[in-house]
Number of protein chains: 2
Amino acid sequence: MFRGQFTYSIDSKGRISIPAKLRRHVSAEANDTYMMIRGTSTCIDIYPLNEWLLFEAKLNKLNPFKPDEIRFIRTLLQHVAEDTLDSQSRILIPQILIEYAKIEKEVLILGALNKIEVWNPKIFEEYLKQSDETYEQIAAKVMS
Amino acid sequence: MFRGQFTYSIDSKGRISIPAKLRRHVSAEANDTYMMIRGTSTCIDIYPLNEWLLFEAKLNKLNPFKPDEIRFIRTLLQHVAEDTLDSQSRILIPQILIEYAKIEKEVLILGALNKIEVWNPKIFEEYLKQSDETYEQIAAKVMS
DNA sequence: CCAATTGTGGGGAAAAGTGGTGAATTTTCC
DNA sequence: GGAAAATTCACCACTTTTCCCCACAATTGG
């Protein structure tokens, strides 16, 4: 499972290193392959291939004859991209996802259980502020 | 279960020894791996891996497509870091946690049941003073 | 009192992160 | 259809960080 945050940078070609500490938790089944999609917030979600396949299996159980469900599937799959690590452990993020997540130079990489999220640090900060619950309250709920 | 307090020092690289007397209480399942996280007070909480996994299991049951629940996951995992003991039984504390806990040179290491807390000794002293109630009063309330 | 363990410090090799070059392929345009 | 331009992608190079190892004083325990 992925956890923790890392501040990295994206280069002029749109490449991002996958942090070594996250890479250690990627199964060998993933074959250094990652799937990228639009996040549900203003960020990019990155799944190792094996985790993606599990997620895809869930999508497959949806009913494509229900308007809501097919719309969800289409919206999601529209911007899926696949890439394999280069020799420096980086993946190339498609321009359209970079724009969607409003990413500039600095990126915040967040380990979030079965996926890795990529944020513009400023946007992530704003996102956290919007919450009613403080860190203390959330911690109290989970850690008790 | 962890108990007792120890005054140690953090070195210039941000490493802290885990006291031998606490280490004896760590399960072999933990694989010498510890998770560090922002404490709810001005301190750092350290969990052996196996203890931490209990919390993570709770997070795993949440639905990351529900805005409230993914927010919860992000807020918590943001402040988590992982490390394994080196050959001298030390772990490396990330700079961001050191700053959060306002740690300088001396640290107070506190065994606190299922976790280990790391404090700046001065801050811990202040924390104890801050309460209006005496030890006796608090004990009466909590233990009844 | 001696041997083993523990806590602290630091050097140096290896890994990690970042940036860039240039060949190969694809696309564009005349 | 073919040359020029643009894109892709496999490498190469450099700097910084990480982490593995050695060293040593202090403490503990028999």
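## Close-ups of the DNA and the two chains

**View 1. In B:Lys13, a polar side-chain atom sits 3.2 Å from a base nitrogen of DNA strand D.** This is a predicted model, where local features need pLDDT of at least 70 and side-chain atom pairs need pLDDT 80 or more, while totals for chains, interfaces and linings use all residues. Side-chain values use heavy atoms, leaving out hydrogens and water, residues are numbered from 1 along each chain as its sequence is written, and chains are lettered from A and ligands numbered from 1 in the order in which they are written. A polar contact here is a pair of N or O atoms within 3.5 Å; within protein, one atom must be able to donate a hydrogen and the other to accept it, and residues adjacent in sequence count only if both atoms are side-chain atoms. Two glutamines also point at base nitrogens of DNA strand D: the polar side-chain atom is 2.5 Å away for A:Gln88 and 2.6 Å away for B:Gln88.

**View 2. Residues of chains A and B surround DNA strand D.** From chain A, look for A:Lys13, A:Arg15, A:Lys21, A:Arg24, A:Ser87, A:Gln88 and A:Arg90; from chain B, find B:Lys13, B:Arg15, B:Ser87, B:Gln88 and B:Arg90. Of the atoms of DNA strand D that come within 4 Å of the protein, sugar and phosphate make up 6%. A residue counts as near if one of its heavy atoms lies within 4 Å of the molecule or strand. Sorted by class, the surface near DNA strand D holds eight charged residues, four polar ones and no nonpolar ones. (Ala, Val, Leu, Ile, Met, Phe, Trp, Tyr, Cys and Pro are nonpolar; Asp, Glu, Lys and Arg are charged; the others, Gly among them, are polar.)

**View 3. DNA strand C has 27 residues around it.** Coming nearest are A:Tyr8, A:Lys13, A:Arg15, B:Tyr8 and B:Lys13. For the atoms of DNA strand C within 4 Å of the protein, 52% are sugar or phosphate, and bases supply the rest. Here 13 residues of the nearby surface are charged, eight nonpolar and six polar.

**View 4. Arginines reach both bases and phosphate of DNA strand C.** The side chain of A:Arg15 puts an N or O atom 2.7 Å from a base oxygen. In B:Arg23, a side-chain N or O atom is 3.0 Å from a phosphate oxygen. B:Arg90 rounds this out, with a polar side-chain atom 2.8 Å from a base nitrogen. The elements giving two or more residues to this surface are β1 (2–9), β2 (15–17) and α1 (20–23) of chain A, plus β1 (5–9), β2 (15–17) and α1 (20–23) of chain B. Helices (H or I, at least four residues) and strands (E, at least two) are DSSP runs, numbered from the N terminus.

**View 5. Chain A has an open sheet of six strands, paired antiparallel.** The strand order is β1-β7-β8-β4-β3-β5. Two strands pair if DSSP finds at least two bridges between them. At the edges sit β1 and β5 (81–84) of chain A, each pairing on one side only. Direction ignored, neighbouring strands are turned by 25° against each other on average. Helix α5 (residues 121–129) of chain A packs on this sheet, touching β7 and β8, and runs at about 50° to β7(A). Contact means heavy atoms within 4.5 Å; axes are lines fitted to C-alpha atoms, for helices over the stretch in contact, with angles from 0 to 180 degrees between N-to-C directions.

**View 6. Strand β3 (residues 33–38) of chain A is largely enclosed by the rest of the structure, because five of its six residues are buried.** Buried means under 20% relative accessible area, exposed over 50% and partly exposed in between, using a 1.4 Å probe and protein chains only. β3(A) runs antiparallel to β5(A), joined by four bridges, and pairs with strand β4 (residues 44–48) over five. Follow A:Met36: its bridge partner is A:Ala81 in β5(A) and A:Ile46 in β4(A). A hairpin of five residues links β3(A) to β4(A).

**View 7. B:Asn120 lies in the loop between β8 (115–119) and α5 (121–130) of chain B.** B:Asn120 counts as buried because its relative accessibility is 7%. A polar atom of its side chain is 2.7 Å from the backbone oxygen of B:Lys102. Leaving aside residues up to four places away in sequence, B:Asn120 touches B:Ala101, B:Lys102, B:Ile103, B:Glu104 and B:Glu106.
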